[in-house]
Amino acid sequence: MADPFQDVDSAGPEFIKMFADAMDVRQSDPTMEKIVATYLGMLKLSDDSITIEIGAGAGAVTRRIAAHLQPAKVVGYEPSRGFVEEARNRVQGAPNLTFQVADGTNVPVENGTIDAVVMHTVLTHVTHPEKLLAEAFRVLKLGGTLIVCDADFSKATFSNFANDPLDVCAKEFVREFVTDPFIVSKLRSLVSGVGLDLVHFDVESRVVTTKEQMRPWVEATTSQMCERGDIGKELADALVAEHDRRAENESLYGYQAFATAVARKPEKKP
Ligand SMILES: C[S@@+](CC[C@H](N)C(=O)[O-])C[C@H]1O[C@@H](n2cnc3c(N)ncnc32)[C@H](O)[C@@H]1O
């Protein structure tokens with residue numbers, strides 16, 4: 001099955017609600033808050049600047065961007081109408097923040113008018129990341145900043161030991177809910193390839209030990225395997241119960257790596 005994040009509206013209202021909540025929970029993880037705060041700290045923008053997030057989802061990161069840059073204008077562009085509705089409903093007291101429906105390959109803004117573009121866990125879900133990066137290049141002002149933060153899903157695991165059965169849920173999540181698990185290894189060349197100058201690249205570990213964060217991975221994958229008839233309900237329930245048991249007895253170890261790339265659109269040559 002294709003990664004549902006390629007066309008969220010087709011995945012249906014249940015998926016939209018589940019992952020709108022899951023992205024809010026993920027962003028509240030102290031590691032994710034630190035990653036976002038660190039890259040936002042690299043943005044030095046005036047109050048009349050415009051920053052956009054491409055692939056804003058239900059706005060978990062867009063709200064952080066708007067709070068950090070307020071009163072400067074922030075717009076979240078997102079192709080899913082369902083996520084845009086969720087995003088608008090989740091905003092409170094942020095007059096500088098709006099959301100609009102738009103695909104990342106066709107953002108409705110003029111050439112060279114945007115001070116900063118953020119893409120947070122988007123490129124791993126698209127088939128042609130170079131098209132979104134070229135669009136970011138088009139809309140950025142000379143000297144404008146692109147920030148890409150993405151998960152290296154190729155390294156995601158639940159394993160506590162060899163052939164750990166819970167790790168099937170991590171592997172299955174990456175197979176069913178991700179388009180390119182190796183995007184992080186390609187990020188630097190993709191960014192340079194559209195003409196942007198890479199100024200920063202790093203990768204940070206995220207270790208999940210609590211029940212809320214990666215439970216949706218286990219719930220979504222086990223229910224899919226069950227629906228397909230690959231496993232029975234007893235095993236599906238047992239994997240969820242095993243996840244919860246580990247969270248309770250301090251043996252849950254979900255691992256992901258997140259990369260941040262920061263790049264600038266070169267100033268015009270004299
Ligand atoms: C995992 S979500 C991340 C959402 C948000 N950035 C966050 O971190 O909370 C991936 C997002 O990429 C969006 N997406 C998928 N294909 C896209 C495209 N071609 N252009 C823009 N966004 C896209 C999806 O609709 C989804 O909202």
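**Pockets, cores and aromatic pairs**

The residues that line the second largest pocket divide into ten nonpolar, five polar and five charged. This pocket belongs to a predicted model, and its volume is about 420 Å³. Its lining is made up of 20 residues, of which Ala-11, Phe-15, Phe-177, Ser-223 and Gln-224 are the closest to the centre of the pocket. Three elements, namely α1, α2 and α9, each give two or more residues to the lining of this second largest pocket.

The largest pocket holds about 800 Å³ of space. It is lined by 43 residues, and those closest to its centre are Phe-5, Gly-55, Thr-121, Val-122 and His-125. Two or more residues of this lining come from each of the helices α1 (8-11), α2 (13-28), α4 (60-69), α6 (129-139) and α9 (211-227), and also from the strand β1 (50-54). The largest share is that of α2, which provides five residues. Sorted by class, the lining of the largest pocket consists of 20 nonpolar, 15 polar and eight charged residues.

From the pockets we can turn to the buried interior. The largest nonpolar core has 53 residues, and the members that touch the most others are Phe-19, Tyr-39, Phe-83, Phe-153, Phe-158 and Trp-217. As in the lining of the largest pocket, the largest share of this core comes from α2, here with six residues. Phe-19 may serve as an example of such a member: when residues up to four places away in sequence are not counted, Phe-19 touches Phe-5, Phe-83, Phe-173, Phe-177 and Ala-220. Separate from this core is a second one of 30 residues, which includes Ile-114, Val-122, Leu-187 and Leu-190; of these, Val-122 has already appeared among the residues closest to the centre of the largest pocket.

Aromatic residues recur in these lists, and a search of the whole structure finds eleven aromatic pairs. In one of them, the ring centres of Phe-15 and Phe-19 are 4.6 Å apart and the ring planes stand at 35°, so the pair is tilted. Both residues lie in helix α2, with their positions four residues apart in the count, or about one turn of the helix. Phe-15 counts as buried at 9% relative accessibility, and Phe-19 is likewise buried, with a relative accessible area of 5%.

A further pair is formed by Phe-173 and Trp-217, whose ring centres are 4.2 Å apart and whose planes are at 10°, so this pair is stacked. Because Phe-173 lies in helix α7 (residues 167-177) and Trp-217 in helix α9, the pair ties together parts that are 44 residues apart in sequence. Both Phe-173 and Trp-217 are buried. The residues of these two pairs belong to one aromatic cluster, which is formed by Phe-5, Phe-15, Phe-19, Phe-153, Phe-158, Phe-173, Phe-177 and Trp-217.

One member of that cluster, Phe-158, leads on to Tyr-253, a residue in the loop between α10 (233-248) and β7 (254-264). Leaving aside neighbours within four places in sequence, Tyr-253 is in contact with Phe-158, and also with Thr-157, Ser-159, Asn-160, Val-207 and Val-208. Is Tyr-253 buried or exposed? Its relative accessible area is 37%, which lies between the limits of 20% and 50%, so Tyr-253 counts as partly exposed. From C-alpha to C-alpha, Tyr-253 is 32 Å away in space from Ser-80, and the two are 173 residues apart in sequence.

Definitions and conventions: Residues are numbered from 1 along each chain as its sequence is written. This is a predicted model: local features need pLDDT of at least 70, side-chain atom pairs count only at pLDDT 80 or more; totals for chains, interfaces and linings use all residues. Side-chain values use heavy atoms; hydrogens and water are left out. On a 1 Å grid over the protein atoms alone, a cavity is a set of points where a 1.4 Å probe fits but cannot get out, and a pocket is an open set with protein on both sides within 12 Å along at least five of seven lines; lining residues have an atom within 4 Å of a point. Grid points are joined across faces, edges and corners, and a volume is the space filled by probe spheres set on the points. Ala, Val, Leu, Ile, Met, Phe, Trp, Tyr, Cys and Pro count as nonpolar, Asp, Glu, Lys and Arg as charged, and the others, Gly among them, as polar. A nonpolar core is a set of buried Ala, Val, Leu, Ile, Met, Phe, Trp, Tyr and Cys residues joined through side-chain atoms within 4.5 Å. Buried means under 20% relative accessible area, exposed over 50%, partly exposed in between (1.4 Å probe, protein chains only). Contact means heavy atoms within 4.5 Å. Rings of Phe, Tyr and Trp (its six-membered ring) pair if their centres lie within 6.5 Å; planes under 30 degrees apart count as stacked, over 60 as edge-to-face and the rest as tilted.
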